[in-house]
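User: I am new to this structure. Can you walk me through how to read its main features?

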Amino acid sequence: MHCDRYQAGSCRSCQWLEKPYEQQLADKQRHLISLFPAQPQWLPASPSPQRAFRNKAKMVVSGSVERPLLGMLHRDGTAVDLCDCPLYPDDFLPLFATLKMFIARAGLTPYNVARRRGELKYLLLTRSTLSGQFMLRFVLRSENKLAQLRQALPWLRQQLPQLTVMSANIQPVHQAIVEGEQEIALSEQQSLAECFNQVPLFIRPQSFFQTNPTVAADLYACARDWVRALNIRSMWDLFCGVGGFGLHCATPSIRLTGIEISAPAIACARRSAEALGLTQIDFQALDSTRFAGGEDEVPDLVLVNPPRRGIGRELCDYLEYMAPGWILYSSCNAQSMAQDIAALAHYRPLRVRLFDMFPHTAHYEVLTLLARDA
């Protein structure tokens with residue numbers, strides 16, 4: 001993949017861009033294998049498209065209100081405009097151009113990190129592969145410009161009718177934190193419809209969703225196939241997000257409990273279950289570790305998809321105590337996953353597969369099936 005920004009040295013986020021893609025996959029697989037003292041079944045890695053694979057853009061807004069830049073900031077404060085980044089599908093580019101005009105039209109002053117002045121910090125865009133529609137979130141320092149933003153929105157809707165979900169997020173602290181807790185709806189519709197492998201999914205402004213749809217669909221399908229081959233009757237989906245894993249694995253004969261701390265994500269998961277006509281499903285907005293520690297019933301399988309830090313010692317201890325027959329572990333950080341598996345002394349990995357969710361970088365996702373020792 002050619003990238004003008006990389007060649008110019010202004011953006012090196014894709015650290016492995018000069019490495020042939022086949023070598024990228026081989027190096028990732030070698031790293032993953034090195035983390036496992038046991039020798040499970042190694043399945044072929046799931047590759048990614050090498051360009052235009054992202055469904056999300058997280059753009060730092062800098063420059064001036066008349067000439068805003070959308071992209072990233074180096075540590076020295078230098079701004080780089082990334083609107084032409086080849087990781088984005090082609091239909092992102094006209095949105096970026098119009099959004100720059102909108103920033104000037106609405107008087108949304110870009111936040112200046114050095115001076116701690118300005119209002120607009122980020123633009124967050126998410127694209128649906130199902131419909132080509134977009135969700136747009138404005139990350140603001142405060143509500144000071146909210147009235148101006150609302151007043152200018154009719155023009156933006158007219159220019160970009162594909163923006164069907166819009167909101168403002170208030171992030172008041174002077175730290176490198178992308179978003180705050182307060183989310184203000186700017187459109188009547190507040191969920192973006194998506195569909196992977198004939199499973200309807202819904203994305204709300206503050207709910208997590210995978211960045212690489214092609215590889216995510218492959219990941220969900222692999223989890224589905226592994227779970228259904230086990231002929232289980234009950235399962236938990238912990239850190240379930242909008243329900244992608246659990247909904248793929250569910251059948252009318254499997255009793256599924258999905259747990260996620262984000263209430264908006266749980267609302268999306270329930271909507272998907274209703275659309276599928278699945279009745280033996282219970283999605284709850286709870287902390288996954290506290291939920292597991294307070295339950296007496298033991299499912300046949302527990303699926304975990306934690307953040308980068310992993311599931312941690314406390315949840316590992318609960319799983320050891322409860323002793324479900326199977327654990328299906330999805331991770332975006334193979335090292336924390338390996339630490340957790342080492343703490344699960346009575347489980348052994350049966351099969352492992354790498355999913356190249358983040359090509360041109362050292363990062364990847366991995367799915368591991370663990371069985372309880374007899």
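Analyst: We will take the sheets, then the annotated sites, then the cysteines. Keep in mind that this is a predicted model.

User: Let us begin with sheets. How do strands hold together in one?

Analyst: Strands of a sheet pair through backbone hydrogen bonds, and the pairing is either parallel or antiparallel. Here, one open sheet has seven strands with mixed pairing, in the order 4-3-2-5-6-7-8. Its edges are strand 4 (79-81) and strand 8 (182-185), each of which pairs on one side only. From one strand to the next, the twist averages 35°.

User: In which sense do strand 2 and strand 5 run, and how many bridges join them?

Analyst: They run antiparallel, and five bridges join them. Strand 2 covers residues 56-63, and strand 5 covers residues 120-127. For one facing pair, look at Lys-56: it stands opposite Thr-126 in strand 5.

User: Which helix packs on that sheet?

Analyst: Helix 3, residues 93-106, packs on it. The helix touches strand 2, strand 3 (68-73), strand 4, strand 5, strand 6 (134-140) and strand 7 (163-170). The direction of helix 3 makes about 150° with that of strand 5.

User: What is the strand order in the open sheet of eight strands?

Analyst: The order is 1-16-17-15-14-11-12-13, and the pairing is mixed. Strand 1 (41-42) and strand 13 (281-285) are the edge strands, each pairing on one side only. Inside the order, strand 11 and strand 14 pair in the parallel sense over four bridges. Met-235 has Leu-301 of strand 14 as its bridge partner.

User: Which strands do helix 2 and helix 7 touch?

Analyst: Helix 2 packs on the sheet by touching strand 1, strand 16 (347-355) and strand 17 (365-372). Its direction makes about 165° with that of strand 16. Helix 7, residues 263-276, also packs on the sheet, touching strand 12 (255-260) and strand 13. The direction of helix 7 makes about 165° with that of strand 13.

User: Now the annotations. Which residues does the "binding site" that includes Phe-239 cover?

Analyst: An annotation comes from a record, so treat it as a pointer to a place, because it may be inferred rather than shown by experiment. In the unreviewed UniProt entry, this "binding site" covers Gln-210, Phe-239, Glu-260 and Asn-305.

User: Where does Phe-239 sit, and is it buried or exposed?

Analyst: Phe-239 lies in the loop between strand 11 (234-238) and helix 6 (244-249). Buried means under 20% relative accessible area. Phe-239 has 17% relative accessibility, so it counts as buried. Beyond its neighbours within four places in sequence, its contacts include Glu-260 and Asn-305. Ile-259, Ser-288 and Leu-315 are also among them.

User: And where is Asn-305?

Analyst: Asn-305 is in the loop between strand 14 (301-304) and helix 9 (312-322). At 15% relative accessibility, Asn-305 counts as buried. Leaving aside neighbours within four places in sequence, it contacts Leu-238, Phe-239, Phe-245 and Ser-330.

User: Which cysteines does UniProt list for "binding site", and why do they gather at one spot?

Analyst: The unreviewed entry lists Cys-3, Cys-11, Cys-14 and Cys-85. They span 83 residues in sequence, yet no two of their C-alpha atoms are more than 10.8 Å apart, so they gather at one spot.

User: What surrounds Cys-3 and Cys-14?

Analyst: Start with Cys-3, in the segment before helix 1 (4-8). It counts as buried at 12% relative accessibility. Not counting residues up to four places away in sequence, Cys-3 touches Leu-17 and Pro-86. Cys-14 is in the loop between helix 1 and helix 2 (21-34). Cys-14 is buried too, with a relative accessible area of 12%. Outside its neighbours within four places in sequence, Cys-14 contacts Tyr-6, Leu-87, His-360 and Thr-361.

User: How many disulfides does the whole structure have?

Analyst: A disulfide is a covalent bond between the sulfur atoms of two cysteines. A search of the whole structure finds zero. The test asks for a pair of cysteine sulfur atoms within 2.5 Å. For Cys-14, the nearest cysteine sulfur is that of Cys-85, 6.2 Å away. For Cys-249, the nearest is that of Cys-222, 9.7 Å away. Cys-249 is buried, with a relative accessible area of 0%.

Terms used: Residues numbered from 1 in each chain as written. Predicted model: local features only at pLDDT ≥ 70, side-chain atom pairs only at ≥ 80, totals over all residues. Heavy atoms only, no water. Helix = DSSP H or I, 4+ residues; strand = E, 2+ residues; numbered from the N terminus. Buried < 20%, exposed > 50% of the residue type's maximum accessible area, 1.4 Å probe, protein only. Contact = heavy atoms within 4.5 Å. Pairing = 2+ DSSP bridges. Axes fitted to C-alpha atoms, helices over the stretch in contact; angles between N-to-C directions.
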